[in-house]
Amino acid sequence: MSAVERRIAELGLTLPEVAAPLAAYVPAVRTGSYVYTAGQLPLVEGKLSVTGKVGAEVTAEEAKQQARICALNALAAVKSQVGDLDRVVRVVKVVGFVASATDFTGQPGVLNGASELLHEVLGDAGVHARSAVGVSVLPLDAPVEVEIQVEVADA
């Protein structure tokens with residue numbers, strides 16, 4: 001078990017299997033020293049535990065927890081490309097989408113769930129640039145979706 005996976009376990013979490021794509025794409029692609037993930041939904045064992053718009057059916061705190069799940073799923077997608085999460089040099093960018101009620105403006109706080117998890121798991125290598133975008137709807141009526149771009153070291 002890698003040091004990163006040990007840290008995930010210390011946090012009481014489990015690195016999941018890579019979520020199966022919902023359409024014609026792959027969960028992650030490596031090019032050179034970078035891995036780009038597809039948008040990751042907060043799927044646990046293939047299912048969403050929460051659906052709806054943040055600020056309506058879903059609270060900001062619930063959505064923040066769902067963003068943590070998205071980030072964990074993104075790390076699983078990265079691992080599928082590099083084999084060992086200890087090879088992550090740094091998370092370069094996080095892009096998050098929040099399905100938002102028309103008057104909800106707390107997207108950055110929701111995406112802190114993903115950002116905080118990446119920092120907890122990877123330390124300073126988890127500090128990144130980020131965009132937090134409010135949208136009208138996400139696949140499967142998910143409240144949040146997260147994609148990450150990471151730099152990795154050669155084997």
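**Entry 1: the end of a helix**

I began at Gly 123, which comes right after helix H3 and has a positive phi, near 65°. A reminder to myself: I am reading a predicted model.

**Entry 2: along H3**

Next I looked up the helix itself. How far apart are the end C-alpha atoms of H3? They are 23 Å apart, and this agrees with the 22 Å that 16 residues should span at 1.5 Å a residue. H3 runs over residues 107–122.

I then checked H3 for a bend and found a kink of about 30°, centred on Gly 113. Gly 113 is also on the list of buried residues in H3. That list includes Gln 107, Val 110, Leu 111, Ala 114, Leu 117, Leu 118, Val 121 and Leu 122 as well. I kept a general point beside it: an α-helix has 3.6 residues a turn, so residues three or four places apart point the same way.

What covers the buried residues of H3? I noted helices H1 (3–10) and H2 among the elements that do, along with strands S5 (88–99), S6 (129–135) and S7 (144–152).

**Entry 3: the nonpolar cores**

I followed Leu 122 inwards. The largest nonpolar core has 39 residues, and Leu 75, Leu 122 and Ile 148 touch the most other members. H1, H2, S5, H3 and S7 each supply at least two residues of this core. Which element gives the most? I found that H2 does, with 11 residues.

For Leu 122 I set aside its neighbours within four places in sequence, and the contacts left were Val 4, Leu 75, Val 88 and Val 91. Apart from the core that holds Leu 122, I came across another one of 6 residues, including Ala 19, Leu 41, Leu 43 and Ala 99.

**Entry 4: a polar residue in H2**

Asn 73 caught my eye next; it lies in helix H2, residues 60–82. Is Asn 73 buried or exposed? I count Asn 73 as buried, because its relative accessibility is 4%, below the 20% cut-off.

I wanted to know what its side chain meets. A polar atom of the Asn 73 side chain lies 2.9 Å from the backbone oxygen of Leu 41. The side chain of Asn 73 also reaches the backbone oxygen of Leu 43, at 3.1 Å. Beyond four places in sequence, I listed Pro 16, Gln 40, Leu 41, Pro 42 and Leu 43 as contacts of Asn 73.

**Entry 5: the record**

Last, I opened the UniProt record, an unreviewed entry, which annotates residues 6–145 as "domain: Endoribonuclease L-PSP/chorismate mutase-like". Over residues 6–145 I noted 31% helix and 24% strand, with the end C-alpha atoms 25 Å apart.

Terms used
Residues are numbered from 1 along each chain as its sequence is written. This is a predicted model: local features need pLDDT of at least 70, side-chain atom pairs count only at pLDDT 80 or more; totals for chains, interfaces and linings use all residues. Side-chain values use heavy atoms; hydrogens and water are left out. Helices (H or I, at least four residues) and strands (E, at least two) are DSSP runs, numbered from the N terminus. Buried means under 20% relative accessible area, exposed over 50%, partly exposed in between (1.4 Å probe, protein chains only). A polar contact is a pair of N or O atoms within 3.5 Å; within protein, one must be able to donate a hydrogen and the other to accept it, and residues adjacent in sequence count only if both atoms are side-chain atoms. Contact means heavy atoms within 4.5 Å. UniProt positions are given in the numbering used here, feature names are shortened, and annotations may be inferred rather than shown by experiment. The expected span of a helix is 1.5 Å times one less than its number of residues. The bend at a residue is the angle between axes fitted to the seven residues ending there and the seven starting there. A nonpolar core is a set of buried Ala, Val, Leu, Ile, Met, Phe, Trp, Tyr and Cys residues joined through side-chain atoms within 4.5 Å.
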